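Here are my notes after a pass through the model. Have it open beside you while you read.

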Amino acid sequence: QVQFVESGGGLVQPGGSLRLSCVPSGTGVNIRARARAWYRQAPGKTRELVGSIVGGTTDYADSVKGRFTISIDNAKNSVYLQMNNLRPEDTAVYFCNVRTFTNTYWGQGTQVTVSS
């Protein structure tokens with residue numbers, strides 16, 4: 001079974017940093033990803049695209065540009081989201097998304113809470 005497991009969420013003060021990981025388990029270690037992305041869903045809001053990486057090209061939502069960075073580790077088939085200078089409005093459940101030529105996979109979600 002293909003599964004991507006997220007970790008790294010938690011409670012952080014405004015201005016702090018967190019690094020989210022999205023790591024394959026099971027047969028997920030063998031898939032060939034075409035694109036990766038991070039989404040988030042805040043309470044009472046719809047899920048929104050935070051950023052994506054396709055090939056070597058990254059793209060970010062305006063709300064996180066300059067603060068968040070997506071990276072990948074091809075050897076581990078993992079994707080990461082480095083979040084700096086966090087704000088209370090960044091509070092949400094964050095989901096990784098991995099797309100192959102034929103399938104799309106989601107992480108289980110990890111809670112990020114930014115509060116003093």
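How many bridges join E9 to strand E11, and in which sense do the two run? I'll start there, then work outwards.

1. The answer is 3 bridges, and E9 and E11 (residues 110-114) run antiparallel. If you want a residue pair to click on, Ala92 has Val112 in E11 as its bridge partner. Bear in mind throughout that this is a predicted model.

2. E9 has another neighbour in strand E4 (residues 35-41), and here 7 bridges do the joining, again with an antiparallel run. Tyr39 is a handy marker for this pairing, since it stands opposite Phe95 in E9.

3. Then there is strand E10 (residues 104-106), which pairs with E9 in the antiparallel sense over 3 bridges. Arg99 finds its bridge partner in Thr104 of E10. The connection between E9 and E10 is a hairpin, made through 4 residues.

4. Is E9 largely enclosed or open to the outside? Strand E9 covers residues 92-99, and 6 of its 8 residues are buried, so the rest of the structure largely encloses it.

5. Now for the other sheet I looked at. It is open, has 4 strands in the order E1-E3-E8-E7, and its pairing is antiparallel. The edges are strand E1 (2-7) and strand E7 (68-73), each of which pairs on one side only. From one strand to the next the twist averages 20°.

6. Within that sheet, take a look at how E1 meets strand E3 (residues 18-26): the two pair in the antiparallel sense, with 6 bridges between them. Val5 is one place to check, with Val23 as its bridge partner in E3.

7. On to the cysteines. The disulfide count comes to 1, and the link joins Cys22 to Cys96, with 2.0 Å from S to S. The angle about the S-S bond is 55°, and the link of Cys22 and Cys96 is right-handed. Cys22 belongs to strand E3 and Cys96 to strand E9, so the bond ties together parts that sit 74 residues apart in sequence. As a reminder, a disulfide is a covalent bond between the sulfur atoms of two cysteines.

8. Where do the two ends of that link sit, buried or exposed? Cys22 is buried, at a relative accessible area of 0%. Cys96 counts as buried too, with 0% relative accessibility. The cut-off for buried is under 20% relative accessible area.

Methods
Residues are numbered from 1 along each chain as its sequence is written. This is a predicted model: local features need pLDDT of at least 70, side-chain atom pairs count only at pLDDT 80 or more; totals for chains, interfaces and linings use all residues. Side-chain values use heavy atoms; hydrogens and water are left out. Two strands pair if DSSP finds at least two bridges between them. Axes are lines fitted to C-alpha atoms, for helices over the stretch in contact, and angles run from 0 to 180 degrees between N-to-C directions. Buried means under 20% relative accessible area, exposed over 50%, partly exposed in between (1.4 Å probe, protein chains only). A disulfide is a pair of cysteine sulfur atoms within 2.5 Å.
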